[in-house]
Amino acid sequence: MKALRVSGVTKSFGRIKALDDVSFDVPSQSIFGLLGPNGAGKTTLFSIAADFIKPDAGSIEALGTDVRQLSRLHGRLGILPQDALFQPNVPIIEQLVFFRLLDGRTRGVAEQEVAHTLEKVGLGEYHKRGVHSLSHGMVQRLGIAQAFLGEPELILLDEPTSGLDPQNARQIRDLIRDLRTRATIVISSHNLMEVQDLCDHVAILDEGKLVTAGSMADITRSGRELDLQLSRDLTDAERGTIEALEIVSGLRGAGPGRYTVSLNLTGEAASSDEAVKTVLRTLLDMDVTPRRVSEGNSLEAHFLKLTAK
Amino acid sequence: MSLRELKGRHLKLVSFYSSLYAVRGGTGLVFVVITLIFGLTVANFVIKPVEDLQRESQEHILEAIVSQARPLVVRALGGSVDASVPSEDGSREETERWAAFVLDERPALLSAVLLVLIFGLPFMVTMGAFNQLSGDVQSRGLRYQLVHTARANIFFGRFVGVAVINALGMVLLMGTIVLYVGFKIHVYEWTALLGWSLRGLLAIAVISLPYIALCSWISASIDSPFASLTVSQLVIGFVPLFSFIGRNTWKPLAYVNYALPWGIQNDLLHPDASRVTVGTLGCLAYTAAFLFLGYRHFKKRDL
């Protein structure tokens, strides 16, 4: 089953088309990255997925239920909305307990769950404080705590680590990894390294349109390139040998001892592996030692290529 | 999304927590304080002359109270249904009968306070009801609740929360006034005082509902709390003002008063049970209509 199914979603704000016929699926039990430059429509898509705003056309199904019937998903869906404020003068524990009471918990159970979740995000000792006395990073962690509360099966996190220091950001990433066995998590982020590190599937939006979607492996491999750091520069003859290989469509230098080999693949993973082996074997036969090999583009390179103006 | 999603438990939780947040956030406290200041100022304005009279002479004090309160009461009742209908002789007699009931058969002092309170009530209620939704829509704070409960529960729960806070504020106010009149003025029997104040309290509670519902509608439509407050006050004030000014040039404009409960709200203190029933049902009908319009907008809008 798909945890989230986005079908032909279109949304305009006045003359601005925030989303234009966007469709993709989020597999269950995956960590899914939603990427795009500012104004690409990520937050709008999150907002429609949580029924905060209504699409002009199209629909979104979460856990098999149309999100327009959001009440059927109460307790199964967690979300960290962007720029949503908590009540400033109410102790944070009370605010989170209120949400759990709405989910049908008794006060005692709700208080226990909230205390446990606040501990997890490092806010245990601040539970009686109002939001006005917390730092930006703490408020961000509070938002994450409310999204993780209970056992939601689908969690939407809009820029979860923005504004967090590296230590806290890492803590949140670890929490997300821990949750992957029991929940599907959709993350929007500008931090491409983070997304590449965390996510196994990704979709890229640009100017409201879906540019690409698929598994992280497919997306980063789709450049069909091999980045090599070699023990020495290649001679012209050696370059010629590599370029003469049937599975190589091009070779270019990228600095001292660094080369990028464009592969000519049919698309199957097996042939990709075979191509890599062939290139490496040829290099070794020429007494050239590959010191570092990476297949495909980095997500960042791919993202920049797809969203370049 | 429909009214079928209303859950009693969620309504209770939303109304309780929204009231709690309002009190902690300050707007709820400000409302209670404004209610008390306004109510006690009105009471002082009505009771002070009586206290002065009492110091001079205890004799004929009841007659003095009635004669002092009569112009105020008649004017307040004259501003109601009968005066807004194109002039007919019967209406004036009807107003006199009504005035005699609240002045002679009921504690006149309390009647005067109640009628002035009912006139100021719509403006006062707005102070507690203008920010039912607009502030949280503007700050997007509602988004946290939306994944836990339906929009219907948020909309109606907050309405109930404001209605309860409003009723508690009025109980506090009326309690203070009744205790003061009972212990300080000593001219009315406690049973008469308590009975009439209870009726007045119920009337105030019922009359408040359509204005709170109107604020629900406005607050669900306007994201800025300040704009919501301003529009609420302007709408509530504009209706009787336009009706009052308009009827001098074209009499049917008097009916503009019925755009809001202004035209029927005094009926809740009428001597005839039928008028009280119609007035009560009218207020509840206005409430239902404003809530329907507000919810229809709220359930579809972007949050």
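This briefing covers the overall make-up of chain A, the side of chain B that touches chain A, and one helix of chain B. The model is a predicted one, and every value below was computed from it. In chain A, 10 helices and 14 strands make up the secondary structure, while on the other side of the contact 21 residues of chain B meet 26 residues of chain A.

**Chain A as a whole**

- The C-alpha trace of chain A spans about 75 × 45 × 35 Å along its principal axes, and 39% of the 309 residues in this chain count as buried.
- Among the contacts in chain A with a separation of 6 or more, 67% are between residues 24 or more positions apart.

**Where chain B touches chain A**

- The contact between the two chains involves 21 residues of chain B and 26 residues of chain A, and the elements giving two or more residues to the chain B side are α1 (8-25) and α8 (142-146) of chain B.
- Of these elements, α1(B) supplies the largest share, with six residues.
- Sorted by class, this side of chain B holds nine nonpolar, six polar and six charged residues.

**Helix α6 of chain B**

- Helix α6 of chain B runs over residues 108-129, and its 22 residues reach 31 Å from the first C-alpha to the last, which is close to the 32 Å expected at 1.5 Å a residue.
- At B:Leu121 the helix α6(B) bends by about 50°, and a proline, B:Pro122, follows within four residues.
- Helix α6(B) is also mostly covered, with 19 of its 22 residues buried.

Conventions:
Residues are numbered from 1 along each chain as its sequence is written. Chains are lettered from A and ligands numbered from 1 in the order in which they are written. This is a predicted model: local features need pLDDT of at least 70, side-chain atom pairs count only at pLDDT 80 or more; totals for chains, interfaces and linings use all residues. The expected span of a helix is 1.5 Å times one less than its number of residues. The bend at a residue is the angle between axes fitted to the seven residues ending there and the seven starting there. A residue is buried if 20 or more other C-beta atoms lie within 10 Å of its own, exposed if 12 or fewer, and partly exposed in between; C-beta atoms are placed from the backbone. Two residues are in contact if their C-beta atoms, placed from the backbone, lie within 7 Å. Ala, Val, Leu, Ile, Met, Phe, Trp, Tyr, Cys and Pro count as nonpolar, Asp, Glu, Lys and Arg as charged, and the others, Gly among them, as polar.
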